[in-house]
Amino acid sequence: MSVYAADKLIGQARQLAAEYRRTMGKPLPGISNEIALHDAIRLLSLEPAADTAGGYDAVDPARDDKKIQVKSRTIFDDTKSGQRIGQIRVEQSWDSVLLVLMDEDYEPYEIYEAERDELLEFMEKSSSSRVRRGALSVARFKIIGRLAWTREQGVEAEIWDNQAG
């Protein structure tokens with residue numbers, strides 16, 4: 001499948017997911033993760049992990065094939081607190097986690113990256129059993145991680161240095 005075809009399909013998936021939520025009042029299960037993975041790979045010049053890769057979704061060839069787990073969260077109402085991300089698979093092999101935040105139209109507006117050591121350290125110190133299992137809030141992830149990309153400014157050069165040729 002060509003890149004154009006994938007981009008076109010993801011665009012259609014965005015429209016379908018947004019319309020489904022407006023019509024049915026609930027999100028279409030599983031689609032935000034696929035959209036977020038596609039966006040992270042495209043926006044941050046990553047490569048998809050091999051189908052046999054366990055624990056990570058993409059690699060960054062510009063940073064020694066860093067193994068990256070990709071998480072997503074679609075924020076429909078930013079006044080609500082306590083938004084959570086999917087469980088981080090701590091037992092598997094990965095170097096960092098990207099959190100792709102999307103708006104109600106499933107368009108990315110921010111991407112954060114947190115390193116494995118920083119995440120594991122926070123999880124080990126936490127008194128919350130939920131956090132120790134790898135379930136973090138969006139707010140906590142943003143505190144631990146660093147902003148890697150924004151819709152307005154693109155790649156944050158100091159943080160994401162994979163754009164140099």
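Where is the place of S32? In helix α2. Hold on to that residue; we come back to it.

First, the ground rules. This is a predicted model, where local features need pLDDT of at least 70, side-chain atom pairs count only at pLDDT 80 or more, and totals for chains, interfaces and linings use all residues. Residues are numbered from 1 along each chain as its sequence is written, and side-chain values use heavy atoms, with hydrogens and water left out.

Helices and strands here are DSSP runs, numbered from the N terminus: H or I with at least four residues for a helix, E with at least two for a strand.

Let's start with the sheet. It is open, has 7 strands, and runs in the order β1-β2-β3-β4-β5-β6-β7 with mixed pairing. Two strands pair if DSSP finds at least two bridges between them. At the edges are β1 (47–48) and β7, each pairing on one side only.

Take the β1 edge. β1 and β2 (residues 58–60) run antiparallel, joined by 2 bridges. There, P48 stands opposite A58 of β2.

Now the other end. β5 (residues 108–115) pairs with β6 (residues 146–150) in the antiparallel sense, over 4 bridges. E110 faces T150 of β6 across that pairing. Next, β6 pairs with β7 (residues 154–155), again antiparallel, over 2 bridges. W149 is opposite V155 in β7. A hairpin is formed by β6 and β7, with 3 residues between them.

On to the interior. A nonpolar core is a set of buried Ala, Val, Leu, Ile, Met, Phe, Trp, Tyr and Cys residues joined through side-chain atoms within 4.5 Å. Buried means under 20% relative accessible area; exposed is over 50%, and partly exposed is in between, using a 1.4 Å probe and protein chains only.

The largest core has 21 residues, and those with the most contacts inside it are I35, L46, L98, V100, Y106 and I111. Elements giving two or more residues are α1 (3–24), α2 (31–43), β3 (66–74) and β4 (96–102). Which element gives the most to this core? That is α2, with 6 residues. Apart from this core lies another, of 19 residues, including Y56, V97, L119 and F141.

L119 takes us to α3 (residues 116–125). Its buried residues are L119, L120 and M123. Seen down the axis of α3, these fall within an arc of 95°, so they line one face of the helix. The arc is taken over the directions from the helix axis to the C-beta atoms. D117 and K125 are exposed on the other side.

Next, Y106. This residue lies in the loop between β4 and β5. What is its phi, given that it is not a glycine? Positive, about 60°. Y106 counts as buried because its relative accessible area is 1%.

Y106 also belongs to the 1 aromatic pair that the structure holds. Rings of Phe, Tyr and Trp (its six-membered ring) pair if their centres lie within 6.5 Å; planes under 30 degrees apart are stacked, over 60 edge-to-face, and the rest tilted. The partner is F76: the pair is edge-to-face, 6.0 Å centre to centre, with 65° between the planes. It links distant parts of the chain, 30 residues apart, with F76 in the loop between β3 and β4. F76 itself is partly exposed, at 27%.

F76 has a charge over its face too: R21, at 3.7 Å from the ring centre. The criterion is NZ of Lys or CZ of Arg within 6 Å of the ring centre and within 35 degrees of the ring normal. Elsewhere, the charged end of R116 sits over the ring of W94, 4.6 Å from its centre.

Back to S32. At 18% relative accessibility, S32 counts as buried. Contact means heavy atoms within 4.5 Å. Beyond neighbours within four places in sequence, S32 contacts S72, T74, M102 and Y106.

Y106 turns up again with L28, in the loop between α1 and α2. L28 is partly exposed, at 23%. With those sequence neighbours left aside, L28 is in contact with L16, A17, Y20 and Y106. The C-alpha atoms of L28 and A17 are 5.8 Å apart, across 11 residues of chain.

One last backbone point: D64, in the loop between β2 and β3. Its phi is positive, near 55°, and it is a residue other than glycine. At 76% relative accessibility, D64 is exposed.
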